[in-house]
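Thanks for coming. I will go through one model today, starting with a single residue and working outwards.

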Amino acid sequence: MGGVDTSKWKPRRTHGTVINKARNKFAWAVLAIGSATFAVYYSIISYIGGDELKQRLRRNFLEQTEEEIDRRNLMRFSLLAPKKGDTIRKLLEDQENERTEK
């Protein structure tokens, strides 16, 4: 009866095998292509869009409107339990009414 031929067995781990090296190369290639595509896309968009696009991006990401600041302050500086949505809406409406009266 001969023994079992172990040379044809599949490896239990992929570490050190050809498929592991190919998988790693593929992953690095995907990361490199994705990063290059992202860099080229946004550099072209900012070049084509010019100053108007840069101002819109800065306004959207860096600047906050008065309403956003008021909402954050209402939630941040309230010492009581978190306020319900109706209460916040009422306070915002009161603030808006005060602004319009001035």
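Start with N20, which touches T14 and H15, leaving aside residues up to four places away in sequence. This is a predicted model, so please hear every contact as a contact in a prediction. N20 sits in helix α1, which covers residues 18-61. Is N20 buried or exposed? With a relative accessible area of 11%, N20 is buried, because the cut-off for buried is under 20%.

Now the fold as a whole. The protein has 3 helices and 0 strands, and along the sequence the pattern reads α-α-α. Of the 102 residues in the protein, 6% are buried, and N20 is one of the buried residues. The exposed surface of the protein comes to about 10200 Å², and carbon and sulfur atoms supply 59% of that area.

Staying with helix α1, look at Y41, which is found there. Y41 is partly exposed, at a relative accessible area of 48%. That value is not over 50%, so Y41 does not count as exposed. Which residues make the nonpolar surface patch with Y41? They are F38, Y42 and I45, and the patch with Y41 included has an area of about 440 Å².

Next, charged pairs. Side chains of opposite charge can pair when their charged atoms come close. How many salt bridges does the structure hold? There are 2.

One of them joins R99 to E66, with 3.8 Å between the closest N and O atoms. The cut-off is within 4 Å, so this pair counts. The pair links distant parts of the chain, 33 residues apart: R99 is in helix α3, residues 85-101, and E66 is in helix α2, residues 66-76. As for accessibility, R99 is partly exposed, with a relative accessible area of 40%, whereas E66 is exposed, at 56%.

The other salt bridge is between the side chains of R89 and D86, at 3.0 Å from N to O. Here both partners lie in helix α3. They are 3 residues apart, about one turn of the helix. D86 is exposed, with a relative accessible area of 60%.

While we are in helix α3, there is also I88. Is I88 buried or exposed? I88 counts as buried, because its relative accessibility of 13% is under 20%. Set that beside D86 in the same helix, which is exposed at 60%. The C-alpha atoms of I88 and M75 are separated by 8.8 Å, and the two residues are 13 apart along the chain.

Last, confidence. The mean pLDDT of the protein is 80, and 85% of its residues reach 70 or more. Where is confidence lowest and where is it highest? The lowest is in α2, at a mean of 78, and the highest is in α3, at 85. Where pLDDT is low, the predicted coordinates should not be read in detail. To tie that back to the charged pairs, E66 is in helix α2, while R89 and D86 are both in helix α3. That is the end of my part.

Note on methods: Residues are numbered from 1 along each chain as its sequence is written. Side-chain values use heavy atoms; hydrogens and water are left out. Helices (H or I, at least four residues) and strands (E, at least two) are DSSP runs, numbered from the N terminus. Buried means under 20% relative accessible area, exposed over 50%, partly exposed in between (1.4 Å probe, protein chains only). Contact means heavy atoms within 4.5 Å. Patches are made of residues with over 30% relative accessible area and no salt bridge: like charges are joined within 9 Å, nonpolar side chains (Val, Leu, Ile, Met, Phe, Trp, Tyr) within 5 Å. Accessible areas come from the Shrake-Rupley method with a 1.4 Å probe; for residues, only the protein chains shown count as cover. pLDDT is the predictor's confidence in each residue, from 0 to 100.
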